[in-house]
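Below are some notes on the two-chain model, set out point by point for checking against the coordinates. They begin with a turn and then move through the sheets to the contact between the chains.

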Amino acid sequence: MSSPQIEIQLIAAIVAMACAIPGVFLVLRKMALISDAISHSILPGIVIGFFVTQDLNSPLLILLAALTGVITVVMVEFIQKTGLVKEDTAIGLVFPVLFSIGVILIAKNANDVHLDVDAVLLGELAFAPFDRLLVGVADWGPKSLWVMGSILFITISLLILFYKELKVTTFDAGLSSVLGISPLVMHYGLMSVSSVTVVGAFDAVGAILVVALMIAPAATAYLLTEDLKKMIWLSVSFGVFSAISGYWAANFLDASISGSIATTLGVIFLATYLFAPKKGLISVLYRQKQQRIEVSLITFLLHLNRHEEESERHINHLQEHINWQAVRARTVLDLAEKNNLVEIENNVVSLTEKGLAFTEKSLEYIISNKDEKIEPMKEDFFLFRG
Amino acid sequence: MDTQKLAVQIDDLTVAYNYKPVLWDIDLSVPEGVLMAIVGPNGAGKSTLIKTILGIIKPIAGTVSIYGKPYSKQRKLVAYVPQKGSVDWDFPTTALDVVMMGTYGKLGWIKRTGQKEKKIALESMEKVGMLTYKNRQISQLSGGQQQRVFLARALAQDASIYFMDEPFQGVDATTEIAIINILKELRKAGKTVIVVHHDLQTVPEYFDWVTFLNVKKIATGPVKDIFNDDNLTKTYGINYKVAVNK
Ligand SMILES: Nc1ncnc2c1ncn2[C@@H]1O[C@H](COP(=O)(O)OP(=O)(O)OP(=O)(O)O)[C@@H](O)[C@H]1O
Ligand SMILES: [Mg+2]
């Protein structure tokens, strides 16, 4: 690997980490759309900042542009508070206005500004290593590495300091304000960090990939875990993994790096959405099918329990009595037999001791509807899980 | 009675969302040590009243004081159980962790929870009979269990005044009795408990103080004096017949 190659991957990985962390909280706060709005509406801030500083990586430009991001949020909330439109409408009203102001500013000053809309939206990671930070004659590496490194450092420090506050304000804003932990402060804190991250990253990877790097890893992690800390770790890992493998995919296919990273993010999300062990589509469908079978199983066991007479328990009669399709009856009978809940003698089905105990326990649960009653059953029974 | 301290005092309070008043010129005094129900129809402003007392919503007029001082100075004296539907129960966390949040107020910004906070949280969970569920994901709790977790969290706040918005919403009879017993114990310990309550039948049995609210305050006082058809009719607009056990 050549050194620009390593540098590109390093920048991509750091951008991914810096995006994934605020992304987790945006996803949990159901504010994914806001990151999209910020990423577009910072454009006028970037242009104005560029007039002032003449340097896309200057900290002043980043702060100015990030301010535009926060203003977007304030405007969205203001419009929303009038009660005339919903939040998504308010977002849709605000960011095209700001974005087009940015586009007009660029067009009007096209001669003096070396900046174009494509570069802002799509970025070009491959060029990032060319813009170097020079201290005297010494080469300290790509500028965007330093910019994103600092942003990542600040983000991680804030996360460690305010983890508890972020958690409680995200989960229950009402309680937080009662506890004296201002949800408003945390909200604007998160918005500021997101804005700064978007601005810092757009030059390297483009505004669109920034949004993907914020939302996709967090949304993927959300499907896989029910623990906030793990969700953060997973998001960061997915982000970095997509960044690196996206880079190599681009290399291999001779395609855009940002595009490949975004595609990788999408593919990972899709795979997780389908195959996640608990919340994935396939496992949900499978569980529903299992539950249907198990409801039938309980119905079947209860029927056996209620009827002493052999005619009621004859294999051929079960179908008509419990009113199933033949296939279902067979599956249920097999399931019961496999678990030693019933035994079949001369085509007459009867409950085993285990089956009897199990039936009585289920009955008790159904009647009392007490969750404590099923705690011990959960282990050996699918129906009550989740 | 007259010398008794006031836990909550509200003067001339008006609250509006988008300039439409939902609470209109409320005066209300709640003496220390009562177990009070706030009753009124849907949309009467009960939740809004609690949120305003707690500073979550800013009033357009009037003042609220907790033991004679503004709420912002008295935070540590107050615990809050929001309406259950007000949070996202799919949030990735455990029951114990939610109860621990009750200790964040006394802990303050930045400081982390330690053994002490964990012990408080576990004790609170034990009191509401939720200890066995401490590591359960909150999305996997039943409605009644979620309500108990909220109650445990309020207990972990270890306050003098407890505000609860419909703690009996969607719980079965056993849980309801368990919750009311805990509330009665709080009162016995000298705490003030203020509860938004919907089941008028149980008001006389559960509470000793009641406030009728419907945008305006209709009446407030001891249940035995003011819980009658007259006030119920004024509040709910229709002729209410409730068997009041004397
Ligand atoms: N955030 C809000 N924005 C605008 N209007 C609101 C908001 N919250 C509540 N309202 C309105 O204020 C009025 C009082 O609402 P509130 O939630 O306080 O009623 P409540 O007495 O608690 O009702 P419920 O018994 O249904 O819980 C209602 O008309 C409601 O529509
Ligand atoms: Mg309410």
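1. Which residue takes a positive phi in the hairpin of S3(A) and S4(A)? In this predicted model, that residue is A:Asn346, whose phi is near 50°, and the hairpin has two residues between the strands. The strands concerned, S3 (residues 342-345) and S4 (residues 348-351) of chain A, pair in the antiparallel sense over four bridges, and within that ladder A:Glu343 stands opposite A:Ser350 of S4(A).

2. Chain B has a hairpin that can be read alongside this one, formed by S1(B) and S2(B) with two residues between them, where B:Asn18 in the turn has a positive phi of about 45°. S1(B) and S2(B) run antiparallel and are joined by eight bridges. Two of the partnerships may help in following the ladder on screen: B:Tyr17 has B:Lys20 of S2(B) as its bridge partner, while B:Leu13 is partnered by B:Ile26 of S2(B).

3. The same hairpin strands belong to an open sheet of three strands in chain B, ordered S2-S1-S4, with antiparallel pairing. Its edge strands are S2 (20-31) and S4 (61-66) of chain B, each of which pairs on one side only, and the twist from one strand to the next averages 15°. On the side of S4(B), strand S1 (residues 6-17) of chain B pairs in the antiparallel sense over five bridges; here B:Ile10 has B:Val64 as its bridge partner, and B:Thr14 stands opposite B:Ala61. Helix H1 (residues 46-53) of chain B lies across S1, S2 and S4 of chain B, and runs at about 115° to S1(B).

4. In which order do the strands of the six-stranded open sheet of chain B lie? The order is S5-S6-S7-S3-S8-S9, and the pairing is mixed. Strand S5 (78-81) and strand S9 (216-222) of chain B are the edge strands, each pairing on one side only, and the twist averages 15° from one strand to the next. Helix H6 (residues 143-156) of chain B packs on this sheet, touching S5 and strand S6 (161-165) of chain B, with its direction at about 175° to that of S5(B). Towards the S9 edge, strand S8 (residues 209-214) of chain B and S9(B) pair in the antiparallel sense over six bridges, and B:Phe212 has B:Ala219 of S9(B) as its bridge partner.

5. Turning to the contact between the chains, 38 residues from chain B and 37 residues from chain A take part. The size of an interface is often given as the accessible area lost when the parts come together. For chain B and chain A the buried area is about 3,100 Å², of which carbon and sulfur atoms give 58%. On the chain B side, B:Phe91, B:Pro92 and B:Trp109 supply 24% of the area that this chain buries against chain A, more than any other three residues.

6. The polar part of the interface deserves a separate look. Across the interface of chain B and chain A there are three salt bridges and 15 residue pairs in polar contact, both residues of each pair being at pLDDT 80 or more. S5, helix H3 (95-100), helix H4 (104-107) and H6 of chain B each supply at least two residues of the side of chain B that touches chain A, and the residues of that side divide into 18 nonpolar, 12 polar and eight charged. B:Asp88 forms a salt bridge with A:Lys30, where the closest N and O atoms are 2.9 Å apart.

7. With which residues is A:Tyr222 in contact, leaving aside its neighbours within four places in sequence? They are A:Leu28, A:Met231 and A:Lys279 together with B:Asp90 and B:Pro92, and B:Pro92 is also one of the three residues of chain B named above for their share of the buried area. A:Tyr222 itself has its place in helix H9 (residues 207-224) of chain A, and a polar atom of the side chain of A:Tyr222 lies 3.4 Å from the backbone oxygen of B:Asp90. Within chain A, the C-alpha atoms of A:Tyr222 and A:Ile232 are separated by 9.2 Å, with the two residues 10 apart along the chain.

Key: Residues numbered from 1 in each chain as written. Chains lettered and ligands numbered in written order. Predicted model: local features only at pLDDT ≥ 70, side-chain atom pairs only at ≥ 80, totals over all residues. Heavy atoms only, no water. Pairing = 2+ DSSP bridges. Axes fitted to C-alpha atoms, helices over the stretch in contact; angles between N-to-C directions. Contact = heavy atoms within 4.5 Å. Buried area = accessible area lost by both parts, 1.4 Å probe. Salt bridge = Lys/Arg side-chain N within 4 Å of Asp/Glu carboxyl O. Polar contact = N/O pair within 3.5 Å; in protein donor to acceptor, adjacent residues only side chain to side chain. Nonpolar A, V, L, I, M, F, W, Y, C, P; charged D, E, K, R; others polar.
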